[in-house]
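Colleague: I should like to learn how to read the packing and the charged pairs in a model of this kind. Could we take the features in turn?

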Amino acid sequence: MDRRIQKSRQAIMDAFMKLMSEQDFEKITINKIAEEANVNRGTVYLHFADKYDLRDQCTDAHLNELIRNCMPEEKGQLTSKAALLRTFEYLQRHASFYSIMLTSRGNPIFRNRMEEVLQQSLSEHLDSIGLNRTLYKDITVQFLVSAGVGLLEWWITRSMPYPASVMVEQFWQLLERVQLQVPDEGDRKA
């Protein structure tokens with residue numbers, strides 16, 4: 001993609017996020033986005049069908065990157081401390097986006113989309129590693145997604161009251177209690 005096109009697209013997305021931090025999604029118009037991005041209205045429509053498409057593309061771009069950071073590097077693992085730490089660190093670096101999207105009044109679409117993307121990714125991952133026969137896949141996926149998204153949302157919306165490393169350690173201990181993770185190498189030796 002041409003640099004000027006990328007720059008315009010990014011300016012539009014940044015303008016949209018700034019407006020989302022200031023007002024409800026329903027009050028945002030294409031005119032306001034264009035004005036904030038310092039582009040004309042037609043430029044916005046060259047990149048996005050409407051404000052809903054803009055919101056969806058912003059959401060999908062961030063969530064896809066989150067998934068890439070979230071999944072364990074090693075096949076056969078459901079979770080790993082390293083993957084969880086990468087996830088929390090990613091969220092910390094992009095806290096403004098997630099905070100805006102999770103706290104937007106009247107816009108539960110982001111949280112729902114986040115759950116949907118994580119459910120699909122986790123379900124595919126469980127298919128690739130197999131699952132203990134005593135656990136039903138749909139229940140396991142729902143449990144992990146609800147716990148994970150709820151914890152992430154709590155952490156982000158409360159301005160990250162604990163460092164990422166503490167969050168990972170606490171989440172890991174909770175997963176150990178329900179025995180859903182594969183022990184790290186160091187844990188196997190004990």
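**Charged pairs and core**

Modeller: Let us begin with one charged residue of this predicted model. Arg 111 is partly exposed, with a relative accessible area of 23%.

Colleague: With which side chain does Arg 111 meet in a salt bridge?

Modeller: The partner is Glu 115, at 2.4 Å from N to O. Glu 115 is buried, its relative accessible area being 18%. Because the two residues lie four apart in helix H7, about one helical turn separates them.

Colleague: Which parts of the chain does the pair of Glu 36 and Lys 18 tie together?

Modeller: Their closest N and O atoms are 3.7 Å apart. Glu 36 belongs to helix H2 and Lys 18 to helix H1, so this salt bridge ties together parts 18 residues apart in sequence. Glu 36 is partly exposed at 35%, and Lys 18 is partly exposed at 37%.

Colleague: How many residues apart are Lys 81 and Glu 169, which form another salt bridge?

Modeller: They are 88 residues apart, with Lys 81 in helix H5 and Glu 169 in helix H9. The N to O distance is 3.2 Å. In total, the count comes to nine salt bridges.

Colleague: How should I read the nonpolar residues?

Modeller: In soluble globular proteins, nonpolar side chains tend to be buried together. Here the largest nonpolar core has 49 residues, and Ile 33 is among the members that touch the most others. Helices H1, H2 and H4 are among those supplying at least two residues each. Beyond its sequence neighbours within four places, Ile 33 contacts residues including Ile 12, Phe 16 and Leu 54.

Methods: Residues numbered from 1 in each chain as written. Predicted model: local features only at pLDDT ≥ 70, side-chain atom pairs only at ≥ 80, totals over all residues. Heavy atoms only, no water. Core = buried A, V, L, I, M, F, W, Y, C linked by side-chain atoms within 4.5 Å. Buried < 20%, exposed > 50% of the residue type's maximum accessible area, 1.4 Å probe, protein only. Contact = heavy atoms within 4.5 Å. Salt bridge = Lys/Arg side-chain N within 4 Å of Asp/Glu carboxyl O.
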